[in-house]
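Q: I am new to this structure. Please pick one part, look at it closely, and then show me how it sits in the rest.

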2 protein chains.
Amino acid sequence: MLETFFEPKSVAVIGASRDPEKLGYAVVKNLIEGGYVKIGKVYPINPKGGEVLGLPAYPSVLDVEDPIDLAVIVIPYKFVPGAMKECGEKGIPSVVVITAGFREAGKEGLERERELMQIAKQYGIRVIGPNCLGVIDTFTPLNASFAAGTPPKGPINFMSQSGALGTAVLDWSLAGELGFSKFVSLGNKADVSEIDLLQMWADDPNANVIMAYIEGVPSGREFIDTARLASKKKPIVAVKSGVTQAGSRAVSSHTGSLAGSEQAYAAAFKQAGIIRAHTMEQLFDFARAFAYQPLLKGDRIAIITNAGGPGILATDAIERSGLKIARFDNETIKKLESYLPDAASAANPVDVLGDAAGDRYEYAIDVVSQDPNVDGILVVLTPQALTDIVGTAEAVANLCERVDIPVLAVFMGEKEVQKGIDVLTERGVPNYPFPERAVAALRAMADYRIARDEPLPEYEEIDVDREAVKQVFEKVRSEGRVSIGDFEARAILEAYGFKIPQTELASTPEEAVEIAGRIGYPVVLKIASPDILHKTDVGGVRVGLQNAQDVRDAFELMVYRAERYVPGARIWGCTVQEMTPQGLEVLVGMNRDPQFGPLVTFALGGIYVEILKDATFRIAPFSRREAWQMLDEIRAHALLDGVRGRPPVDKEAIVDTLMRVGQLVTDFPEIVELDINPLMVFEKGQGAVAIDMRLVLTSQE
Amino acid sequence: MLETFFEPKSVAVIGASRDPEKLGYAVVKNLIEGGYVKIGKVYPINPKGGEVLGLPAYPSVLDVEDPIDLAVIVIPYKFVPGAMKECGEKGIPSVVVITAGFREAGKEGLERERELMQIAKQYGIRVIGPNCLGVIDTFTPLNASFAAGTPPKGPINFMSQSGALGTAVLDWSLAGELGFSKFVSLGNKADVSEIDLLQMWADDPNANVIMAYIEGVPSGREFIDTARLASKKKPIVAVKSGVTQAGSRAVSSHTGSLAGSEQAYAAAFKQAGIIRAHTMEQLFDFARAFAYQPLLKGDRIAIITNAGGPGILATDAIERSGLKIARFDNETIKKLESYLPDAASAANPVDVLGDAAGDRYEYAIDVVSQDPNVDGILVVLTPQALTDIVGTAEAVANLCERVDIPVLAVFMGEKEVQKGIDVLTERGVPNYPFPERAVAALRAMADYRIARDEPLPEYEEIDVDREAVKQVFEKVRSEGRVSIGDFEARAILEAYGFKIPQTELASTPEEAVEIAGRIGYPVVLKIASPDILHKTDVGGVRVGLQNAQDVRDAFELMVYRAERYVPGARIWGCTVQEMTPQGLEVLVGMNRDPQFGPLVTFALGGIYVEILKDATFRIAPFSRREAWQMLDEIRAHALLDGVRGRPPVDKEAIVDTLMRVGQLVTDFPEIVELDINPLMVFEKGQGAVAIDMRLVLTSQE
C-alpha cells in the first residue's frame with residue numbers, strides 16, 4: 001500500500017523551481033542525479049510553466065495527462081491544502097509534504113495540519129510529513145528529497161523523526177561507511193508513522209536491518225505489536241530521544257514515582273524485540289554489524305590481535321558485556337601453534353604478534369572460525385612497524401566471505417590504518433575504531449538473537465468477576481471520589497482472585513470482638529473511613545491485639561481519634577483483620593503511561609523500593625512468560641531464591657499477582673494508578689497475600 | 001632528573017642499521033626526520049662502523065669522544081647487557097631499551113631483566129623499557145622511537161604501558177586531531193614508571209593534560225600520592241585495562257567478596273584525582289577537551305543547535321550525566337530574541353533553526369557566553385540545505401578565542417561536514433561526532449574541577465592501644481592460627497576504641513548467671529571457642545534470655561552441643577552479652593589489595609550487601625573528609641538520613657568506625673581481611689556498636 005512512495009512510476013514535484021537556492025530545485029535535481037529520471041517520469045509543477053532543469057513544467061498536476069504515483073509538495077504552507085486537493089482530484093495515491101509550518105509551529109500550525117489531513121483522508125491519499133526531508137530508495141533508484149546527495153546503496157532501511165538528524169546521517173553515509181536501501185524522514189507523522197514502515201519493511205528483500213530515530217510514537221500498543229512481528233523477521237535498532245525527567249510531575253503512588261516515559265519505552269522496546277541504541281553512535285555501530293554480517297548464534301567470542309594491550313581491552317569489554325571469551329578445542333590450539341611463532345599466544349585471545357603480516361591473521365581466523373566453540377570473531381590490529389595493514393584487511397575480507405559467523409574488525413588508528421579500513425568497508429566487514437564499540441555491537445547481535453527466539457506472547461484470560469469491580473467503581477464515582485483505599489479495594493482484590501487477609505468490617509466494638517473471635521487472635525484493627533487514606537497518621541492501625549479487651553479498647557480509641565483529627569470524616573467503623581505472618585514484602589503496581597497505557601511494575605517492597613528504585617516494568621497485557629522474566633530483572637532477584645539460609649519465596653504467586661493485575665488494568669482503562677504494597681510473599685508453595693492496595697481512577701469529565 | 005630523556009644534547013642509537021626493515025634504521029630516521037639532528041648530535045652505533053643514513057657510525061659508545069646524554073638500544077637481547085655496561089662506562093645517564101625478550105617473555109626473560117637492571121643501577125643509569133617503542137618530545141624536537149612518524153606538536157603528554165596501543169595512538173594523531181608534547185612508551189617499566197613521569201610532567205609547561213594507558217602500577221601507595229599532587233596542577237586522564245574477574249579467587253570475608261582489583265583501582269584513581277576514561281575513545285575525547293579548552297568552572301551547560309533532534313539528544317545526555325541545562329538570564333533571552341527569527345528558540349537549548357548561517361551561531365555564542373549562568377557551551381550543527389558549515393566553524397573558533405569558558409563542538413556528519421571539522425580542529429575547538437561524547441567530556445571536566453578543588457587529605461592519628469592488639473596477634477600466631485573470631489576480636493576492638501556490647505566470658509553456668517545479673521536481662525549467650533567460627537551452625541547463639549534459669553539452661557545445652565558437634569574443640573565456656581537494641585546494620589571491612597594495600601569498605605549490612613553489592617571503597621590511610629564522602633557514595637545512602645519517618649542514623653559514628661579501621665589496618669599490615677559485620681548504628685547522637693568482627697592474618701612464613 002505504501003509501494004508508490006518507494007517505487008512510483010511517475011513523480012510530480014509541486015513547487016519545482018529553477019532557483020538553486022530553493023528546496024524545489026534540490027528535489028528535482030535529486031530525482032535527476034539519483035537516476036530516477038531514467039526509469040520513471042518526473043513532472044515539475046510550477047504555476048509559471050516553462051522548464052525546470054531541462055524538464056517541461058506544468059502549472060498543476062491536473063495538467064499532466066498521464067497518471068502520477070507520487071507527489072512531493074515543497075510550496076509555502078498556505079498553498080499546501082490547495083495542492084493536496086488537486087492531488088486528490090488527480091488520483092495521486094502518495095504525497096510527501098516537505099513544507100514546514102504545521103504541527104511543529106504551535107497551535108495554528110496544528111489546526112492547519114488537521115485541515116490538510118482531512119483533505120488527504122477525503123481522497124484516500126497516504127501522506128509522509130509534513131515538515132520532512134523526503135524519501136529515498138536507492139534500489140528503485142528514487143531520491144525524492146532535498147538531501148545534499150544520494151547515499152550509497154546498501155542493506156539498511158532508516159527512518160528518522162528528525163529531518164536534521166537525517167541530513168547528518170546522510171552526510172556520514174556519503175563518507176562511505178553506511179549504505180542505505182530506503183531512507184524516510186517522517187517529519188510530523190500526520191499519517192505515515194513508524195508503524196506503517198515497520199510493517200512494510202519487515203518483508204523488504206533489499207534490507208537486512210531497520211534503523212530508527214524515534215522521539216515519540218503515536219499508538220503505543222499498536223507500535224509494540226507491529227514491531228514485535230517485524231523484529232522476528234529483521235533486526236530493528238532504534239534510538240529513543242527525549243527522556244522525560246523522572247519526578248517532573250506530581251504522582252500519588254509508589255509505582256507512579258518509579259515509572260516514567262523512560263521506563264515505558266524501555267519496556268515497550270523489550271516487549272517489541274527492538275534493540276535499543278543509547279546514542280546515535282551506537283545506532284550506526286549496531287546497524288553496520290547487522291547489515292553486513294551474519295547473525296551471532298551464541299555468545300562465545302574469539303579475539304585475534306597483533307598486540308597484548310588491545311587484546312586486554314577487548315577481553316575486558318567482552319566480560320563486562322556478559323558475552324564470553326570462547327574456549328578453544330585442543331585441536332584449534334594445536335593448529336594455531338603449528339603455524340604461529342613460539343612467542344605467539346594460541347589461546348584466546350590469540351596474539352599473532354606485532355610483526356604479523358596478513359598470512360598469520362588469515363590462518364588464525366580460518367582455524368578459529370572452524371572451532372565449534374566460537375560464535376563470533378573480533379579481529380584487532382594496531383599499526384606496528386612491520387604490520388601489513390592492507391594485506392591483513394584483504395585477508396580478513398577473504399575469510400569473511402567463506403565463514404558463516406560474524407567477524408568484526410578493530411583496526412586502530414587513522415592515518416596509515418585508513419587504507420585498511422577502506423578495504424574492509426568496501427568488502428562488507430564493519431570496522432570499529434575501539435574494541436569496546438565492536439563488543440557493544442556483538443552484544444546487540446546476541447540480544448537480537450535472544451529477542452527473536454522469544455515465542456510470541458500468549459495472553460491469558462483469567463476467570464474474574466468484572467461486575468463486582470464495576471459496582472465498586474460506580475459507587476466510588478457516584479460519591480465524586482477517584483481514590484480507592486483498602487476497604488473498597490478489598491472487594492476489587494477479591495473479585496480478581498487475589499488472596500487477601502481475612503477481614504471484616506465492624507461498626508461497633510462488640511461486633512469487632514465477635515469477628516475477632518471468629519478469625520482467631522491475634523488480630524489487626526484498622527479504622528474504616530473513605531475520608532482517611534493515611535490511617536497511621538491518625539493512629540488508625542493497631543496490630544497484634546491479643547484478646548477481646550484489647551480489641552474493644554482499640555476500637556473506641558480509634559474512632560474517638562479519627563473523629564477528632566479528621567472532623568466530618570465518614571467513619572464506617574473498624575476493620576478486623578487476621579495477622580499475616582511475615583514474608584518477603586514486594587510491590588506490584590501500575591501506572592498508566594500516556595503513550596503505552598498500563599505500565600505494570602514489580603519491585604521489592606518496603607524502604608528499598610523507594611531508595612534503590614529496584615523495579616522492572618511491562619506494558620499490559622503481557623504473557624505469563626514475560627511475567628516470569630520480570631522476576632529475574634530486578635537487581636535483588638537473588639532475594640527471591642532465598643539467601644543466607646532463607647527459603648525461596650513463592651515466585652509462582654508473584655507471577656500470578658502480576659497476571660491478575662495485568663488483566664485488571666486492561667479490563668478497566670479508567671484505573672490510572674494502582675499499588676499493591678506490600679504483597680506479602682511466603683515460602684515456595686505457600687502463596688502470597690495482598691496486604692494493602694490503593695487505586696486511583698481517572699477524573700470524571 | 002629525567003630531562004636527558006626528553007632534551008638530550010646528544011643521542012646514541014645502539015644498533016643503528018642501514019637496513020630499512022630494521023628498527024635500528026627507523027630510530028635513526030626518526031631522529032633525522034623529526035628534526036633532532038638539527039639541534040643535537042646523533043651517533044649511530046654499529047660494530048661495522050661506516051655510515052647510517054649519512055651519519056658516521058661508531059663501533060661502540062666508548063668510541064664517541066663527546067659526552068652522550070641518551071642512548072637508545074635496539075640490538076638482540078643477548079647483547080643488551082654488554083651495551084648497557086658500555087653506556088655505564090661512558091657515563092650516559094639515560095637509556096631507552098627498545099629490545100624485547102625480557103620480563104614479558106616469561107621466567108628466563110625476567111631473569112635477564114633483573115641482570116640488566118643490576119648493571120644500570122650499578123652505574124646510576126635511568127632506564128625506559130625494555131620492550132618499548134621509545135620516547136618522543138615534539139618541542140625539543142626529539143623522536144627517539146621506531147614509530148611510523150612524528151606526531152603533530154600539541155599540549156598533550158601521553159604515556160602508554162602498551163607499545164602497540166602507542167602505535168595506534170600515533171596513527172590517530174597523524175590524522176590530525178591530537179597533538180602531543182611528550183610521548184613515552186613505558187614497556188616493562190623496569191625502572192622509569194608512571195610515577196616518575198607524573199612527577200616530572202606535573203610541571204611541564206608544554207602540556208595541559210596528561211593521558212595514560214595503564215595495565216598495572218608498581219607501588220600503589222606511591223602512585224596515589226604522586227598522582228594526587230600532580231593532578232592538582234594538571235588533569236590526568238587514564239584508562240586502566242585488565243579488570244580482574246570478580247570472584248575469581250577464594251575469599252573468606254564479605255569484604256573480600258566485594259573488593260577486587262577493579263574496586264581498588266576505582267578507589268585509587270578517585271583518591272588520586274585521576275579522571276578515569278573507560279575506553280580508549282573516552283581517553284581521546286577527554287584529553288582533547290582538557291588540552292584545547294579552558295576548564296569548566298561549574299556544571300551549567302548551554303546548547304546552541306540548528307535542529308531540534310540533536311538538541312534533544314544533547315539535553316538528554318546532559319541530564320543523564322548530572323550536569324545541568326543552564327537557565328538563562330532574561331537579558332540573554334531578550335538579546336537572543338532580538339536577533340534570531342521568530343521561529344527560533346531563545347531558551348536553552350537555543351535553536352538557531354535549520355537555515356542558520358554562521359552569523360546566528362556567532363551571535364548566539366557571544367550572547368550566551370556572557371550570561372553568568374553559563375559555565376560551558378555545546379555547539380551542535382547538522383548539515384541542512386542552507387547550513388554554512390565552514391562559516392559556522394570559523395565563527396565558533398573566533399568566539400572561542402575570546403571567551404573564557406569551554407566550548408565543545410558537535411558537527412554531525414562526515415562528507416560535507418569534514419571541511420568544518422578541519423577548521424575547528426586546526427583552531428583548537430574539539431569536535432565530537434555525537435552530542436553524548438561531547439557531554440561525557442564536559443562531565444570529565446566537571447569531575448576534574450571537583451577533584452582538583454578537594455583539599456589534600458589530612459591523616460589523623462587516633463589514640464589507640466597498639467600493644468594490646470600486638471599481644472592478641474602474638475597469642476593467635478603462637479597457636480598456629482590466622483583467623484580471629486569474636487571473643488579475641490573484642491580485645492582488638494576495645495584497644496582501638498570501638499564501642500562493643502558489654503560482654504564477659506563465663507566458664508560455668510553459675511558465673512554466666514552472675515554476669516547476666518550484672519549486665520541486666522535480657523542477655524545474649526554465645527559459645528566461646530577458638531575452634532568454632534560459625535557459632536549458629538552448632539546452636540551456639542541464643543538471644544533474648546530473660547532470667548537466670550534461661551541462662552543456665554542455655555549454657556549447659558550449648559556446651560553439650562559444641563562438644564558433640566565439634567569433637568575436640570577447645571571450649572572456653574560461653575560469653576554473656578548485653579542485648580543491643582535494633583539499629584541500622586552496616587558493614588565496615590578491609591581487604592588487602594596486592595597493588596594498593598588496605599582497601600577499606602563501607603556497605604549496608606545484612607542480606608543487601610550480598611545481593612546488591614552496594615559498597616564503596618577507599619585505600620587506607622584516608623582522611624575524615626574522605627570517610628564522610630564514602631557515606632554518600634553508596635546507592636542507598638538516603639537510608640542513612642532516615643526514610644518514611646525513620647530518624648537519621650549516627651553517621652558520625654560510622655565515620656569514626658571507618659577512621660579507626662583505617663588506622664588499625666595501617667598499623668598492622670599483617671591483617672589481610674577484616675569484617676565488622678554488623679556494625680549496629682543507632683539514631684543520630686546515639687553512636688554505633690560493633691556487634692561482630694572477624695579478622696584474618698597473613699599466613700606465617
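A: The answer takes one sheet, then its helices, then the wider setting.

This is a predicted model. The part chosen is an open sheet of 7 strands in chain B. Its strand order is S9-S8-S11-S10-S12-S13-S14, and the pairing is mixed. Two strands sit at the edges: strand S9 (142–145) and strand S14 (275–277) of chain B. Each of them pairs on one side only. From one strand to the next, the twist averages 20 degrees.

Start at the S14 edge. Here strand S13 (residues 236–240) of chain B runs parallel to S14(B). The two are joined by 3 bridges. One pair to find is Val239(B) with its bridge partner in S14(B), Ala277(B).

Now look at the strands with the numbers S8 and S9 in chain A. Strand S8 (residues 134–137) of chain A and S9(A) run antiparallel, with 4 bridges between them. A hairpin links S8(A) to S9(A), and 4 residues make the connection. Gly134(A) faces Ser145(A) of S9(A) across the pair. Strand S9 (residues 142–145) of chain A is covered on both faces. Leu142(A) and Ala144(A) are buried on one side. Asn143(A) and Ser145(A) are buried on the other.

Back in chain B, helices lie across the sheet. H2(B) crosses strand S8 (134–137) and S9 of chain B. Its direction is at about 175 degrees to that of S9(B). H6(B) lies over three strands: strand S10 (153–160), strand S11 (180–185) and strand S12 (209–214) of chain B. H6(B) runs at about 165 degrees to S10(B).

Helix H7 (residues 194–201) of chain B also belongs in this picture. Which of its residues are buried? They are Glu194(B), Asp196(B), Leu197(B), Leu198(B) and Trp201(B). Sheet strands help to cover them: S10, S11, S12 and S13 of chain B are among the covering elements. So is helix H8 (220–233) of chain B.

Chain A shows how a helix H8 packs against another helix. Helix H8 (residues 220–233) of chain A meets helix H10 (residues 261–272) of chain A. Their axes come within 7 Å and cross at roughly 35 degrees. H8(A) brings Gly220(A), Ile224(A), Ala227(A), Arg228(A) and Ser231(A) to the contact. H10(A) brings Ala268(A), Gln271(A) and Ala272(A). By class, this contact has 4 nonpolar, 3 polar and 1 charged residues.

Two of the helices over the chain B sheet return at the contact between the chains. That contact takes 57 residues from chain B and 57 residues from chain A. Several elements of chain B give two or more residues to it, among them helix H2 (23–33) and helix H6 (163–174). Helix H11 (280–292), helix H12 (308–321) and helix H22 (606–612) of chain B do so too. The chain B side has 32 nonpolar, 13 polar and 12 charged residues.

How do the two chains relate? Chain B superposes on chain A by a rotation of 180 degrees, with 0.0 Å of shift along the axis and an RMSD of 0.1 Å. The two copies are therefore related as by a two-fold rotation axis. Both use the same surface: 100% of the contact residues of chain B recur in chain A.

Chain B has another open sheet to set beside the chosen one. It holds 4 strands in the order S21-S24-S22-S23, with antiparallel pairing. Its edge strands are strand S21 (503–506) and strand S23 (541–545) of chain B. The twist averages 25 degrees from one strand to the next. Helix H20 (residues 509–519) of chain B packs on this sheet, touching S21, S22 and strand S24 (573–578) of chain B. Helix H21 (residues 548–565) of chain B packs on the sheet as well, where it touches S22, S23 and S24 of chain B.

Last, the whole of chain A. Chain A has 24 helices and 30 strands. Its C-alpha trace spans about 95 × 80 × 35 Å along the principal axes. Of its 701 residues, 53% count as buried. The domain assignment gives domain 1 (3–242), domain 2 (294–438), domain 3 (502–578) and domain 4 (584–697). The centres of domain 2 and domain 4 of chain A are 45 Å apart.

Key
Residues numbered from 1 in each chain as written. Chains lettered and ligands numbered in written order. Predicted model: local features only at pLDDT ≥ 70, side-chain atom pairs only at ≥ 80, totals over all residues. Contact = placed C-beta atoms within 7 Å. Nonpolar A, V, L, I, M, F, W, Y, C, P; charged D, E, K, R; others polar. Axes fitted to C-alpha atoms, helices over the stretch in contact; angles between N-to-C directions. Least-squares fit on C-alpha atoms with pLDDT ≥ 70 in both. Pairing = 2+ DSSP bridges. Buried ≥ 20, exposed ≤ 12 C-beta atoms within 10 Å, placed from the backbone. Domains from an automatic or database assignment.
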